[in-house]
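Trainee: Can we go through this one together before I head back to the bench? I'd like to work it out step by step.

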Amino acid sequence: MRTTEGTENGQGGRTLRYVSNLEHEPGEVLGGGTAVAVEPVRELLTGREVTLGPRGSMVTRTLPHRDRRMVGAWCFVDHYGPERVAGGGGMQVPPHPHTCLQTVTWLVAGDILHRDSLGSRQLIHPGQLNVMTAGRGISHSEESPPDHGPVLHGVQLWVALPDAHRQVEPAFEHHPDLPVLADGALSVAVLVGEVGGVRSAATAYTPLVGAEARLAGPVDTRLPLRPDFEYAALTLDGEVEVDGVPLARGPLLYLGCGRSDLALRGDRPATMLLLGGEPFEEQIVMWWNFVGRSHEEIVAFRSEWESGGFGTVREYAGDRLPAPPMPTTTLKPRGRIR
Ligand code: MN
């Protein structure tokens, strides 16, 4: 397993506080992106190494990116690990709120216990999918269970909800088995949406796709895509040649729109995430763990959390996460052309 850019800690015992946006002073994050590429492109977006929490765990954040803030409705991509968590507390993310988005949890290795203010309590393992729809507001915690595995590796993804549905009732879904499109040494697990006629049951509020392509050996094939969607690829493990671009762990490869298929090639076992969707037309504001539409709305969400709102995560052994102070500047909603 590749550990390039990973934060392997041979001593173990480390407490990880990623998965949520736990930056102490989160900056303004504007959406929704620069101009959508209507033609196929191959644009490498280098991720930022973001240090989260008091213990300094590192994640690679490729969305939002300075040059491109969204891919379809996907608005947040954090890739963490593989990191050794043997013998320690592992991940400990205290209760925190979300609004107007869905969180999508996907693991390559390890396990996470999710609890939320709806009363959900769900263990998730690699190959399974958690989708939490925050809608008008929810709070949740994520932690390594007491008997967790030695390595933790995965992605935390957010999907922005469109205006028509962003205030929906909060909901939580666990999908223990996902549909798989198999083609020789390639198997494609469909997390959200549809690939090659194989459709996930996960709830989505905009035309969207998320899939994990796993190469068990040499692969040279073309994956069916939709020309009206924009797409991006992220390697989770090993290396995959995506439309001729060698893609190892690190950057997000933005692929644009206008493709009816995508060339995938690899010689060795590898794992790649494909994200895509109809270009998101609305303007959003992202700050801390909130998505909103205006500065005032974000201020209201923050006050609601600070005054005890967004429900209670029962049985989490610890306090809820306090919101950081608002920035001194006014948060501005932005469209895809800045
Ligand atoms: Mn979260």
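## Backbone oddities, a metal and two sheets

Mentor: Sure, let's start near one spot: Phe 310 sits in the segment after helix 1 (295-306). Keep in mind that this is a predicted model.

Trainee: What is the phi of Phe 310, given that it is not a glycine?

Mentor: Most residues other than glycine have a negative phi. Phe 310 isn't a glycine, yet its phi is positive. The value is about 70°.

Trainee: And is Phe 310 buried or exposed?

Mentor: The cut-off for buried is under 20% relative accessible area. Phe 310 comes in at 7%, so it counts as buried.

Trainee: Where does Trp 288 lie?

Mentor: Trp 288 is another non-glycine with a positive phi, about 50°. Its relative accessible area is 3%, so it is buried. As for its place, Trp 288 is in the loop between strand 27 (285-287) and strand 28 (290-292).

Trainee: On to the peptide bonds. Which residue does a cis peptide bond join to Leu 63?

Mentor: Most peptide bonds are trans. This one has an omega of about -5°, and it is cis. The partner lies in the loop between strand 5 (57-63) and strand 6 (74-84). Leu 63 is joined there to Pro 64.

Trainee: Where does Pro 82 lie?

Mentor: Pro 82 also follows a cis bond, the one from Gly 81, with omega near 0°. Pro 64 was in a loop, but Pro 82 lies in strand 6.

Trainee: Now the metal. Which residues coordinate the manganese ion?

Mentor: Look at the spacing of the donors along the chain, H-x1-H-x41-H. Each of those histidines uses its NE2 atom, at 2.2 Å. The names are His 96, His 98 and His 140.

Trainee: How many residues apart are His 98 and His 140?

Mentor: His 98 belongs to strand 7 (residues 90-98), and His 140 to strand 12 (residues 138-143), so you can think of the pair as linking distant parts of the chain. Both of these histidines are buried. Their separation is 42 residues.

Trainee: Let's do the sheets. Which strands stand at the edges of the open sheet of four strands, each with a single partner strand?

Mentor: Read the order, 20-25-22-23, with antiparallel pairing. A strand at the edge has one partner, so one of its sides is left without a neighbour in the sheet. That fits strand 20 (219-224) and strand 23 (245-248).

Trainee: In strand 25, which residue is the bridge partner of Glu 241?

Mentor: Strand 22 (residues 239-242) and strand 25 (residues 261-266) run antiparallel and are joined by two bridges. Glu 241 has as its bridge partner Arg 265.

Trainee: What about the open sheet of seven strands: what does the twist average from one strand to the next?

Mentor: That sheet is antiparallel too, in the order 3-24-21-26-19-16-15. Strand 3 (40-45) and strand 15 (180-183) are its edge strands, pairing on one side only. From one strand to the next, the twist averages 20°.

Trainee: In strand 16, which residue is the bridge partner of Ala 182?

Mentor: Strand 15 and strand 16 (residues 186-192) run antiparallel, with four bridges joining them. For Ala 182, the bridge partner in strand 16 is Ser 187.

Methods: Residues numbered from 1 in each chain as written. Predicted model: local features only at pLDDT ≥ 70, side-chain atom pairs only at ≥ 80, totals over all residues. Heavy atoms only, no water. Pairing = 2+ DSSP bridges. Donors = N, O, S within 2.8 Å, 3.2 Å for Na, K, Ca; no water. Buried < 20%, exposed > 50% of the residue type's maximum accessible area, 1.4 Å probe, protein only. Axes fitted to C-alpha atoms, helices over the stretch in contact; angles between N-to-C directions.
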